[in-house]
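Work through these exercises with the coordinates open. Try each task before reading its solution.

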Amino acid sequence: MAENTHCLSFERPIYELEARIQKLEILSAQKPEARNEVRQLRRELTDLKKRIYSQLNPWETVEVARHPERPMTTDYLELVFDEFVELHGDKTFGDDRAIRTGWAKLDTYKVMVIGHQKGRTLKERNSCFFGCAHPEGYRKAMAKMKMAAKFHMPVICLIDTPGAYPGIGAEERGQAQVIASSMFEMSRLPTPIICVVISEGGSGGALGIGVGDRVAMLEHAYYSVISPEGCAGILWKSHTYKEQAAKALKMTSKDLLRLAVVDDVIREPLGGAHRDHHLMANRLKIFFRNSLRELIEQPIDQLLEARYQKFRNMGVFLEGGVQPLESANGEASVQSSHRIPADAALS
Amino acid sequence: MTHNLPDANSWKNVMNRPKRGVPEGLWMRCPGCEATIFRKEAEKRLGVCPECDYHWYVSARKRIQQLFDEGTFEEWDADLEPTDPLEFVDKAPYSQKLKDEQKRTGLKDAALSGTGMIRARRVAFSVTDSAFIMGSMGSVVGEKLTRCIERATQQHLPLIIVSGSGGGARMHEGMLSLMQMAKVSAALARFDTAGGLFISVLTNPTMGGVAASFASLGDVIFAEPKALIGFAGPRTIKATIRIELPKGFQTSEFLLEHGFVDRIVHRCDLQSEIACTIDYCGK
């Protein structure tokens, strides 16, 4: 990897080993006996990545999810889909660059893609408010989804936002109201909806395009009711407790699969999605293909009923002192029918 | 002007003297205009300041008393209780916090629901109490509201939800709380498809995940005067954009001006306005 790449603190041993391998490789061009050592070190590198990435703590997961080189919506639009035709504007106020919407092709499927865009360069980041959408963004998403339903197109939502934008204009134009009606409409939209949290799933801003028949997340993404910093600020009265907050909020893919908040977790390439955009996109594509195949066959009434029941059963509480069966999904074994086999994803 | 300032010692004596005067709780100070108000007078006006019309906090039980015809209210799902699915611990465990709040407020969680008559019209009703962990929505609030909405759908009843929540989705139950927003909204979508009338009443404060779900989904939205209503908290907004917020930002009047509220309704008129709306919609 290049020298100027963004290195997270716990990734340092990986980068150091990579640098050593690189040096040895140059050397091995002249000294063939160094090749064995290179091979040995490569094996060590794989083990090291496996070890580090299988033991990430929740806060480190948040750092990976926010990694600046992590693939974002526009990357997936290019790598997963054969074509993307962007459709702009909410036809009421403006065109929010924090949410991209448009038609796309995936194999033979014509789909509507809705995705948060954070931006890669500073200029782009500023123009799309670091992925924090305004009401016009959600209004645009809702309008395009309704159009998709009209023309029998499934909807794919890529979620990647720190949260909906907190600002004067956003409040004046009804941030709360648009997020509410977005969930309201998505819950009864008569077409299949697949949602994937690709990096950051920040609260209402994420859920605003997050009600679907399948809700999945990438392995090192996070999905939370509030940012760990925000939670630490409120409950611990100091942002320095963000690591404790991240742990307490149970926001990692593993926890959320256990709580049945997400249906599926899509495995990332070794060492995180930022190390191999192509492989990540490939796995995502396989997930979309499998889910679309399953969902498209279902009659709409059945699909909507299942979507309703899926969200209806979320929540854990006691009734008359005991936990009723339907709310006992906390520890329920989540048997996903369409887990991607690891080898299939590699093809 | 010349004052004969008493020396420090004599002041100390004055301060240390035992307090005399009216018994505790007979008078109260209005948080709106700081005026001292005779408590009985305020209660007669349903907790509205006679001086400045400031609408004080009323508890969920009191709200039911104020709105329903006497003796007609029948509570639903009173045996739902919160638990601690994430084993959440901040400065203290969530399970302990729940016990403390239950003891302090006399409620099991932040919502009550049921049915009864408002001016002789039967309705399905829910209310959130902003005193219980900021009136935040966790699994119990979500479940109670959803069941209430589903019953209203089955029994073809008009639905009234009075919301008061400074917290939005409850952090202590993590994503399960956030998902309640989707759950309640989906139930409301079915109610809407079935042709039901939903009147949402916003009270001070209605923020975050509560504002961004059921509270904003009414066919008719009423707000009590001068309530704080919005998505992001004023402090969060200030920290993000680093400029002073305009006066009256995120109040009921601000929302009325920007088109997100149908009517601002004085607490004393709430009963009659609800009855009137039900009659117009022929429910």
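The exercises below concern backbone geometry, burial and packing in a predicted model.

**Exercise 1. Backbone outliers**

Task: Find the peptide bond from Asn204(B) to Pro205(B) and decide: cis or trans? Then place Pro205(B) in the secondary structure of chain B.

Solution:
- Step 1. Read omega. The value is near -15 degrees, and the bond is cis.
- Step 2. Recall the general expectation. Most peptide bonds are trans.
- Step 3. Locate the proline. Pro205(B) sits in strand E8 of chain B, residues 198–207.

**Exercise 2. Positive phi**

Task: What is the sign of phi at Ser203(A), and what is it at Asp77(B)? State where each residue lies, and classify Ser203(A) and Asp77(B) by accessibility.

Solution:
- Step 1. Start from the norm. Most residues other than glycine have a negative phi.
- Step 2. Take Ser203(A). Its phi is positive, near 55 degrees.
- Step 3. Place Ser203(A). It belongs to helix H9 of chain A, residues 203–207.
- Step 4. Classify Ser203(A). Its relative accessibility is 23%, so it counts as partly exposed. The band for that class runs between 20% and 50%.
- Step 5. Take Asp77(B). Phi is positive here too, near 50 degrees.
- Step 6. Place Asp77(B). It lies in the loop between strands E3 (74–76) and E4 (80–82) of chain B.
- Step 7. Classify Asp77(B). At 11% relative accessibility, it counts as buried.

**Exercise 3. The surroundings of Met186(A)**

Task: Is Met186(A) buried or exposed? Which residues is it in contact with, leaving aside neighbours within four places in sequence?

Solution:
- Step 1. Place the residue. Met186(A) is in helix H8 of chain A, residues 175–186.
- Step 2. Check accessibility. The value is 1%, so Met186(A) counts as buried.
- Step 3. List its contacts beyond those neighbours. They are Met145(A), Cys157(A), Ile193(A), Gly208(A), Ile209(A), Gly210(A), Val211(A) and Arg307(A).
- Step 4. Take one more distance. Met186(A) and Ser291(A) are 105 residues apart in sequence; their C-alpha atoms are 18 Å apart.

**Exercise 4. Helix H3 of chain A**

Task: Why is H3(A) described as largely enclosed? What does its buried part pack against, and which residue caps its N-terminal end?

Solution:
- Step 1. Count burial. The helix covers residues 58–65, and seven of its eight residues are buried, so the rest of the structure largely encloses it.
- Step 2. Name buried residues. Among them are Trp59(A), Val62(A) and Ala65(A).
- Step 3. Find the packing partners. In chain A these are helices H2 (34–54), H10 (228–236) and H11 (242–248), with strands E5 (193–202) and E7 (222–224).
- Step 4. Inspect the N-terminal end. Asn57(A) caps it, with a side-chain oxygen 3.1 Å from the backbone nitrogen of Trp59(A).

Note on methods
Residues are numbered from 1 along each chain as its sequence is written. Chains are lettered from A and ligands numbered from 1 in the order in which they are written. This is a predicted model: local features need pLDDT of at least 70, side-chain atom pairs count only at pLDDT 80 or more; totals for chains, interfaces and linings use all residues. Side-chain values use heavy atoms; hydrogens and water are left out. Helices (H or I, at least four residues) and strands (E, at least two) are DSSP runs, numbered from the N terminus. Buried means under 20% relative accessible area, exposed over 50%, partly exposed in between (1.4 Å probe, protein chains only). Contact means heavy atoms within 4.5 Å. A polar contact is a pair of N or O atoms within 3.5 Å; within protein, one must be able to donate a hydrogen and the other to accept it, and residues adjacent in sequence count only if both atoms are side-chain atoms.
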